[in-house]
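Student: I've got a protein on my screen and I'm not sure how to read it. Can we go through it together?

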Amino acid sequence: MHLSKRSLQIQPSATMKTSAQAKQMIADGIDVINLGIGEPDFETPRVIEDAAINAINTGKASFYTPAAGLMPLRQAVADTTNTAYGLDLTATNVAVTTGAKMALYATFQTILDPGDEVLLPDPYWVSYSEQIKLADGVSVPVATGETFKVTPAQLDEKLTAKTRALVLNSPQNPTGVIYDKAELIALKAWADANDVIVVTDDIYGKLTYNGATFTSIAQLDDHLSDNLIVINGASKTYSMTGWRMGYVIAPDSVIKQLSALLSHATGNPTAVSQYAFLAALQGDQSAVEKMHDAFEERLNTIYPLANALPGFNMAVKPQGAFYLFPDISEALKLTGIQSTAEFVARILDEAHVALVDGNAFGVDNHLRISYATDLASLKKAVDRLSKFMNQNIQ
Ligand SMILES: Cc1ncc(COP(=O)(O)O)c(C=O)c1O
């Protein structure tokens, strides 16, 4: 059958592909440790699951909801964000979506015209560039160098008359770096001066470690700026990846148009998940703290071990999210392996550890290691990597 040019230009998500491959190997009886996917390993907290069961038992989950989500949930998102960011949002500033992925997809569909350019500081999350393509936009990677954080001077070099938006992600997937307030003030001034929309993906905002704090670019003013869109969701904070709950925060006019688009795409986000997410936002947050503390312990354990692997280099310790992004240029030289892709494939085949090639995030000679798995498996994975390196160093 004929396949559209639009569909043919899309690459499957590299992280999901690696993970699917690892899951297949596990299903085939191979003892693979999957550090490929950005998915918390905890079961969704019981109170959240119970709220969903209650919504089913009381018949509330059976029906369509408004396209942008249930009003009480939109209000709860506005309230939580107002408390965290010091804003004065109302429910009409919020659209609830089928995961943050859909929040981003709908955002690009809503703000981009064909040929509009979107600046993506590299490394950047895999789906941004594909979603921009699907909106007929053009991704413009911006090299950030060793800090992994973009500066106004670097953005200036890529600015054209067609620049429509800049995507910021802090804490960042895949590096775990966090922009500080002074850096954000400079970026906001740059965006305002150049009439560029900032799409800030704050999905890892609750996952910061060892005293590091997160500031969103949306927090710099008392009101949401006209050129700002915030993306967030339930997946990472509440370990709710399977429930597919995300949201967009934007000026009313953007939310109105984006909701019209969603009404023809998803219809509405799944009702039962909305009741679960409402309970997550309004309930006791102790489960979130517990998961956070587990991630912090994993980072503090795994970072020095991974950094000590021959040829693995992480100059800066990650401060947030749940990934390591070592530079493996030296490891490639030591082993004589020709490319990052081959390195990742051989580690999966020979050491049975699933990792992601940094090229999926726009940066060569790096690997993404997710530490969203238990400590024992993480230590075992590092042992396997160490053995792999020792066997292959020439
Ligand atoms: C940076 C970033 N944004 C958005 C998402 C999407 O999350 P979800 O669609 O599960 O809400 C992810 C998931 O990996 C992510 O890493």
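**Two domains and a sheet**

Tutor: Let's start where the two parts meet: domain 1 and domain 2 bury about 2900 Å² between them, with 58% of it on carbon and sulfur atoms. Keep in mind that this is a predicted model.

Student: Why is an area used here, and which three residues supply 20% of what domain 1 buries against domain 2?

Tutor: The size of an interface is often given as the accessible area lost when the parts come together. Here, Thr44, Gln319 and Phe361 supply that 20%, more than any other three residues.

Student: Which stretches belong to each domain?

Tutor: The domain assignment gives 5–44 + 287–392 for domain 1, and 62–282 for domain 2. Their centres, taken over C-alpha atoms, are 25 Å apart.

Student: And how many residue pairs are in polar contact across the interface?

Tutor: The rule finds 17 such pairs between domain 1 and domain 2, while the count of salt bridges there is zero. On the domain 1 side, helix H2 (14–27), helix H11 (286–307) and strand S9 (323–324) each supply at least two residues that touch domain 2. H11 gives the most, with seven residues.

Student: Okay, now the sheet. How do I read the order of its strands?

Tutor: Strands of a sheet pair through backbone hydrogen bonds, either parallel or antiparallel. This open sheet has seven strands in the order S2-S8-S7-S6-S5-S3-S4, with mixed pairing. Strands S2 (94–98) and S4 (138–142) stand at the edges with a single partner strand each, so one side of each has no neighbour in the sheet. On average, neighbouring strands are turned by 25° against each other, direction ignored.

Student: In which sense do S7 and S8 pair?

Tutor: Antiparallel, over four bridges between S7 (residues 228–233) and S8 (residues 245–249). Isoleucine 231, for one, has valine 248 in S8 as its bridge partner. Helix H9 (residues 252–265) packs on the sheet, touching S2, S7 and S8.

Student: What about odd backbone spots?

Tutor: Most residues other than glycine have a negative phi, and most peptide bonds are trans. In this model, a cis peptide bond joins aspartate 122 and proline 123, with omega about 0°. That proline 123 is in the loop between strand S3 (117–121) and helix H6 (126–134). The bond from asparagine 173 to proline 174 is cis too, with omega near 20°.

Student: And where does serine 239 lie?

Tutor: Serine 239 is in the loop between S7 and S8. Its phi is positive, about 50°, although serine 239 is not a glycine.

Terms used. Residues are numbered from 1 along each chain as its sequence is written. This is a predicted model: local features need pLDDT of at least 70, side-chain atom pairs count only at pLDDT 80 or more; totals for chains, interfaces and linings use all residues. Side-chain values use heavy atoms; hydrogens and water are left out. Two strands pair if DSSP finds at least two bridges between them. Axes are lines fitted to C-alpha atoms, for helices over the stretch in contact, and angles run from 0 to 180 degrees between N-to-C directions. Contact means heavy atoms within 4.5 Å. Domain bounds come from an automatic or database domain assignment. Buried area is the accessible area (1.4 Å probe) that two parts lose on being put together, summed over both. A salt bridge is a side-chain nitrogen of Lys or Arg within 4 Å of a carboxyl oxygen of Asp or Glu. A polar contact is a pair of N or O atoms within 3.5 Å; within protein, one must be able to donate a hydrogen and the other to accept it, and residues adjacent in sequence count only if both atoms are side-chain atoms.
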